[in-house]
Amino acid sequence: MSRTFHYILGLVLTIFVLMGSTTAVSAKIDPAGWAKLDTHLQTLVKQQAAETVVNVIVQTHGEETAVESLIQQLGGTVTKALPIIDGFAAQMPQQAVTRLAAAPAIKHIHFDAPVVSTSHNTPSTPIPNPQAHINNIGVDQVWAKGVDGTGITVAVVDSGIQGSFLGANSVISWYDVVDGTTADMHGHGTFMAGVIGSGQKDANNKPIGIAPGVRLVNVRVLDAQGKGSYSQVLDGLNWVLANRSKTNPRIRVVNLSIAGPVTGPYWENPINQAVEQLWKAGLVVVTAAGNTGNTPGSITTPGNDPFVITVGAFTDNYTPTNISDDYIPPFSAAGPTEAGFIKPDVIAPGAHIPMYAHNTSTWALANVNQTIGTNYFSIAGTSPAAAVTSGVVALMLDQNPRLTPNQVKHRLMISARPAMQSDGKTLAYSILQQGAGRIWAPDAVFGNYSGEANSGMVPGEDYVGPVIYDAALGVYRFVDENRNPLPQEANYVWNGGNFWNGGNFWNGGNFWNGGNFWNGGNFWNGGNFWNGTYFDNSGFYWNGDTYWSGGNFWNGNGYWHGFTLEQP
């Protein structure tokens with residue numbers, strides 16, 4: 001299918017890691033291969049010097065041996081096989097990139113873009129309560145019934161894990177793509193692993209990890225600075241896919257508290273292709289929304305993939321027993337995605353989260369003001385929000401080990417509690433900011449919800465979501481199955497501001513349905529509503545025109561069908 005791409009570069013990261021001179025004449029472009037390059041790589045080929053060496057990811061239609069030989073003939077080097085996406089990583093002179101792409105065996109060539117961890121450094125006073133984020137989503141109630149994640153393994157794809165500080169036998173396997181060591185020089189990965197499933201206990205002998213019974217797999221793809229590349233992440237994900245059944249217990253959950261640039265429609269992005277392969281293989285993939293908010297369309301890769309569970313952040317504002325002053329921090333990324341999907345899917349605690357980080361790690365040394373005790377620090381961001389959610393998913397699978405990834409996502413979302421205004425009829429934040437709402441562990445773990453997410457969708461296929469931007473009205477609108485906008489008078493619109501313009505809530509079906517509340521009207525904490533005061537008169541209003549122009553969304557070959565109930 002022919003597609004016209006309307007994409008504004010620089011959404012997330014615009015730092016290009018290149019080697020060599022940039023002063024010589026730019027590379028000669030072979031038009032036969034131009035369309036096979038992603039947008040970032042097209043920019044580099046036009047702007048950088050011909051002899052500059054660029055890191056790329058090459059996908060093929062097969063004939064890998066012949067393609068590797070061609071790369072060598074063109075002066076390039078294959079650096080890593082990536083069978084999870086039918087490709088490999090390579091270094092190429094820019095002058096040869098389009099010549100390589102012109103070969104019939106080449107499917108696509110991507111810039112090997114940078115990825116980073118998604119922690120967000122904010123002052124953390126007063127000292128956090130180590131149980132606040134746990135109790136805020138009802139995890140203590142799940143523990144009380146004997147469910148702690150036992151029998152579930154979570155792969156943490158990050159900067160490594162210092163397992164000795166998380167409890168005995170917590171890390172059962174590892175894989176490193178950086179330098180051959182398992183050590184977490186940065187600290188981010190250990191922090192996320194601890195949030196998911198630390199076996200350590202606080203002064204009151206209560207666990208500090210969401211699922212203290214889980215086992216962890218250390219997949220190190222980020223360096224001592226918390227940075228990596230697409231090819232490193234793909235290498236790690238490829239290992240997870242190949243070894244998912246070789247650990248005991250087997251891997252069921254993959255946590256990706258990382259963010260990379262959106263380089264075009266999600267289906268062409270190699271990391272999104274890889275996470276869909278994991279999803280297809282039965283692994284629940286949980287990813288951070290990104291700390292690129294609070295502008296529309298700020299969701300990062302791989303959080304922009306419609307299949308996975310994408311998590312934004314909320315904070316209890318240091319009042320864990322009073323939810324009326326909770327709010328979504330302005331760093332938490334918002335939807336829609338570049339393909340018009342609603343993201344994030346849910347929100348979870350993502351501010352002043354306390355956990356272990358070795359005091360000599362890069363992150364700890366750079367954030368001494370976040371210290372809350374010996375080797376314990378406080379962190380904020382969609383990174384810990386994703387880790388909290390991965391822990392809850394582990395609890396869900398402990399209780400219901402036969403759940404599929406689509407069933408897990410459905411239960412997690414349909415049991416979530418949306419932030420409401422005090423009138424009980426108006427959302428405090430649009431679904432493009434809060435998704436289905438804050439996760440609620442007791443209902444997600446013990447609730448009896450039939451149905452599944454991603455209904456009618458097949459991993460590896462191209463889909464577009466139900467959101468468009470109406471330039472004439474200056475609002476985001478929902479469309480029906482035929483891509484027709486839902487009635488404006490029914491308030492199926494979002495003006496890009498902080499509040500939903502209407503009071504029509506998603507009922508877990510395919511479309512917004514005139515005043516039906518998500519999951520039968522279950523509000524946060526039994527009827528206590530957010531009052532949205534954090535954003536009152538604070539100026540965080542969004543102008544959709546700055547990102548979407550005329551409703552140009554990627555044209556997929558299928559349409560998103562939302563949730564459908566299982567047939568009896």
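In this predicted model, Pro-344 sits in the loop between β14 and β15. The peptide bond that leads into this proline from Lys-343 is cis, with omega near 0 degrees. A second cis peptide bond links Thr-301 to Pro-302, where omega is about 5 degrees; Pro-302 belongs to the loop between β13 and β14. Another backbone feature worth a look is Asn-205, which has a positive phi of about 65 degrees although it is not a glycine. Asn-205 is located in the loop between α7 (188–197) and β9.

The strands flanking the two proline loops, β13, β14 and β15, are part of an open sheet of seven strands. Reading across this sheet, the order is β8-β9-β7-β11-β13-β14-β15, and the pairing is parallel. At its edges are β8 (171–176) and β15 (346–349), each of which pairs on one side only. From one strand to the next, the twist averages 25 degrees. At the β8 edge, the parallel pairing with β9 (residues 215–220) runs over five bridges, and Tyr-175 stands opposite Val-219 in β9.

Tyr-175 also takes part in an aromatic pair. Three such pairs are found in a search of the whole structure. For readers who wish to inspect one on screen, the description of a ring pair rests on the distance of the centres and the angle of the planes. The ring centres of Tyr-175 and Trp-239 are 5.4 Å apart and the planes lie at 10 degrees, so this pair is stacked. Because Tyr-175 is in strand β8 and Trp-239 is in helix α8 (residues 230–243), the pair ties together parts that are 64 residues apart in sequence.

Helix α8 in turn packs with helix α9 (residues 270–280), at an angle of about 10 degrees and with the axes 10 Å apart. An angle under 35 degrees counts as roughly parallel, and α8 is therefore roughly parallel to α9. On the α8 side, the contact is built from Tyr-230, Val-233, Leu-234, Leu-237, Val-240 and Leu-241. Helix α9 contributes Pro-270, Ile-271, Ala-274, Val-275, Gln-277 and Leu-278. By class, this contact of α8 with α9 comprises 11 nonpolar residues, one polar residue and no charged residues.

Towards the β15 edge of the seven-stranded sheet, helix α12 (residues 405–414) lies across β13 (284–288), β14 (309–314) and β15. The direction of α12 is at about 25 degrees to that of β14. Helix α12 also packs with helix α11 (residues 382–399), at an angle of about 115 degrees and with the axes 11 Å apart; α11 and α12 are therefore roughly perpendicular to each other. The crossing of α11 past α12 is right-handed. Thr-389, Val-392, Val-393, Met-396 and Leu-397 of α11 meet Val-408, Arg-411 and Leu-412 of α12. Sorted by class, six residues in this contact of α11 with α12 are nonpolar, one is polar and one is charged.

A further open sheet has four strands in the order β2-β3-β1-β4, and here the pairing is antiparallel. Its edge strands are β2 (77–82) and β4 (106–111), each pairing on one side only. Neighbouring strands of this sheet are turned against each other by 30 degrees on average, direction ignored. Strand β2 pairs with β3 (residues 87–93) in the antiparallel sense over five bridges, and Gln-91 in β3 is the bridge partner of Thr-77.

Two helices pack on this four-stranded sheet. Helix α2 (residues 39–47) lies across β1 (53–60) and β4, and runs at about 75 degrees to β4. Helix α4 (residues 94–101) touches β1, β3 and β4, and its direction makes about 135 degrees with that of β3. The axes of α2 and α4 come within 9 Å and cross at roughly 130 degrees, and α2 is therefore oblique to α4. The crossing of α2 past α4 is left-handed. Leu-41, Leu-44 and Val-45 of α2 make this contact with Gln-94, Val-97 and Thr-98 of α4. Four residues of the α2–α4 contact are nonpolar and two are polar, with no charged residues.

Terms used. Residues numbered from 1 in each chain as written. Predicted model: local features only at pLDDT ≥ 70, side-chain atom pairs only at ≥ 80, totals over all residues. Heavy atoms only, no water. Pairing = 2+ DSSP bridges. Axes fitted to C-alpha atoms, helices over the stretch in contact; angles between N-to-C directions. Contact = heavy atoms within 4.5 Å. Parallel < 35°, antiparallel > 145°, perpendicular 65-115°, else oblique. Left-handed = near helix turned anticlockwise from the far one by under 90°. Nonpolar A, V, L, I, M, F, W, Y, C, P; charged D, E, K, R; others polar. Phe/Tyr/Trp six-rings, centres within 6.5 Å; stacked < 30°, edge-to-face > 60°.
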